[in-house]
Amino acid sequence: MSGAGAVRSRGTGRPPSLTRPDGTSVRVLVVDDDPDLAEVLSGALRYEGWEVRTACDGASAAARARELLPDAVVLDVMLPDTDGFAVLRDLRTVLPDVCVLFLTARDAVEDRIAGITAGGDDYVTKPFSLEEVVARLRGLLRRAGMARRVDEGPRLVVGDLAMDEEAREVTRGGDLVELSPTEFELLRFLMRNPRRVLSKAQILDRVWSYDFGGQAHVVELYISYLRKKVDAGRDPMIHTVRGAGYVIKPVVGR
């Protein structure tokens, strides 16, 4: 089923809006070769206050993903130039932690297994309701620590690590973490971009406000300080990606 016929009516009740941890709009890429269906889905997601782009095939999906750097992708299994599983494999090379919700017109068990095995996080079967798609995306984003409710206040949360930006307090597992002003700013930058690899140049520019140029040791030094305070005696959340930079993400299973 395609077009509007693949979508059931939407209700009027709305839960609180979600934003990215840094307060900016959640970014979603919708990949479907049916322009009517893509437009209906995009409209529903924009109604949530999210930034949405669309793609009609695998090639354009890869290009849009590099432009948008989406937090989530709504991905049709059947595309004109490839299948959604191949698109997902390509996406993971650029965005290893992006949330992926598959759309499929088939309800066979093997298709569901193939989607999850390929690295998809969830799926819905056509015809679907817009409320279901939005609810599934909201759940994926919150579980991944990539979004928060607008009414949660000036707090950044990644796993069991929480930062109150106004009070300038950081806790992990409820325990207070004492940070220097520079350590706080570095951690804030990491937490505003959970699961995203940040280069030393990006960190220097944002935290120290000067261009990259022989000062990599400053970043390395402060990352080591943070690890001693945030990860000491606990499963690590701050990771080094060799040759790329640093990333903070929730502990698996938490």
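**Close-up 1. Strands β3 and β5 run side by side in the parallel sense.** In this predicted model, four bridges link β3 to β5, and the pairing is parallel. Look for Leu 29 on β3: its bridge partner in β5 is Val 73. Strand β3 takes in residues 27-31, and it's mostly covered, with four of its five residues buried.

**Close-up 2. β3 also pairs with β4, and a helix comes between them along the chain.** Five bridges hold β3 and strand β4 (residues 51-55) together, once more in the parallel sense. Here's Leu 29 again, this time standing opposite Arg 53 in β4. To get from β3 to β4, the chain goes through helix α1 (residues 35-47), making a β-α-β crossover that is right-handed.

**Close-up 3. Asp 71 sits in a loop and is buried.** You'll find Asp 71 in the loop that leads from α2 (58-68) to β5 (72-76). Is Asp 71 buried or exposed? With a relative accessible area of just 2%, Asp 71 counts as buried, because the cut-off for buried is under 20%. Leaving aside residues up to four places away in sequence, Asp 71 touches Arg 20, Ser 25, Val 26, Arg 27, Val 98, Cys 99, Leu 141, Met 146 and Arg 196.

**Close-up 4. Leu 69 has a positive phi and lies by the pocket centre.** Leu 69 belongs to the loop between α2 and β5. Its phi is near 50 degrees, a positive value in a residue that isn't glycine. Leu 69 is partly exposed, with a relative accessible area of 34%. Leu 69 is also one of the lining residues that lie nearest the centre of the largest pocket, so keep an eye on this residue when you move on to the next view.

**Close-up 5. The largest pocket has a lining of 21 residues.** The volume of this pocket is about 390 Å³. Which of its 21 lining residues lie nearest its centre? They are Leu 69, Asn 193, Arg 196, Val 197 and Leu 198. You've met Arg 196 already, as one of the residues that Asp 71 touches. Helix α7 (residues 200-208) gives the largest share of the lining, namely three residues. Sorted by class, the lining has 11 nonpolar, eight charged and two polar residues.

**Close-up 6. A cis peptide bond leads into Pro 127.** The bond in question runs from Lys 126 to Pro 127, and its omega is near -5 degrees, making it cis. As for the surroundings, Pro 127 lies in the loop between β7 (122-125) and β8 (128-129).

**Close-up 7. Arg 168 shows a positive phi in another loop.** Go to the loop between β11 (161-164) and β12 (169-172), and there's Arg 168. Although Arg 168 isn't a glycine, its phi is positive, at about 55 degrees. How much of Arg 168 is accessible? Its relative accessible area is 42%, which puts Arg 168 among the partly exposed residues.

**Close-up 8. Strands β14 and β15 make a hairpin.** Strand β14 covers residues 238-241 and strand β15 covers residues 245-248; the two run antiparallel and are joined by four bridges. One pair to pick out is Ile 238 with its bridge partner in β15, Ile 248. Three residues lie between the two strands of the hairpin, and Gly 243 in the turn has a positive phi of about 80 degrees.

Technical notes:
Residues are numbered from 1 along each chain as its sequence is written. This is a predicted model: local features need pLDDT of at least 70, side-chain atom pairs count only at pLDDT 80 or more; totals for chains, interfaces and linings use all residues. Side-chain values use heavy atoms; hydrogens and water are left out. Buried means under 20% relative accessible area, exposed over 50%, partly exposed in between (1.4 Å probe, protein chains only). Contact means heavy atoms within 4.5 Å. Two strands pair if DSSP finds at least two bridges between them. On a 1 Å grid over the protein atoms alone, a cavity is a set of points where a 1.4 Å probe fits but cannot get out, and a pocket is an open set with protein on both sides within 12 Å along at least five of seven lines; lining residues have an atom within 4 Å of a point. Grid points are joined across faces, edges and corners, and a volume is the space filled by probe spheres set on the points. Ala, Val, Leu, Ile, Met, Phe, Trp, Tyr, Cys and Pro count as nonpolar, Asp, Glu, Lys and Arg as charged, and the others, Gly among them, as polar. A crossover is right-handed if, with the strands pointing away from the viewer, the path from the first strand over the helix to the second runs clockwise.
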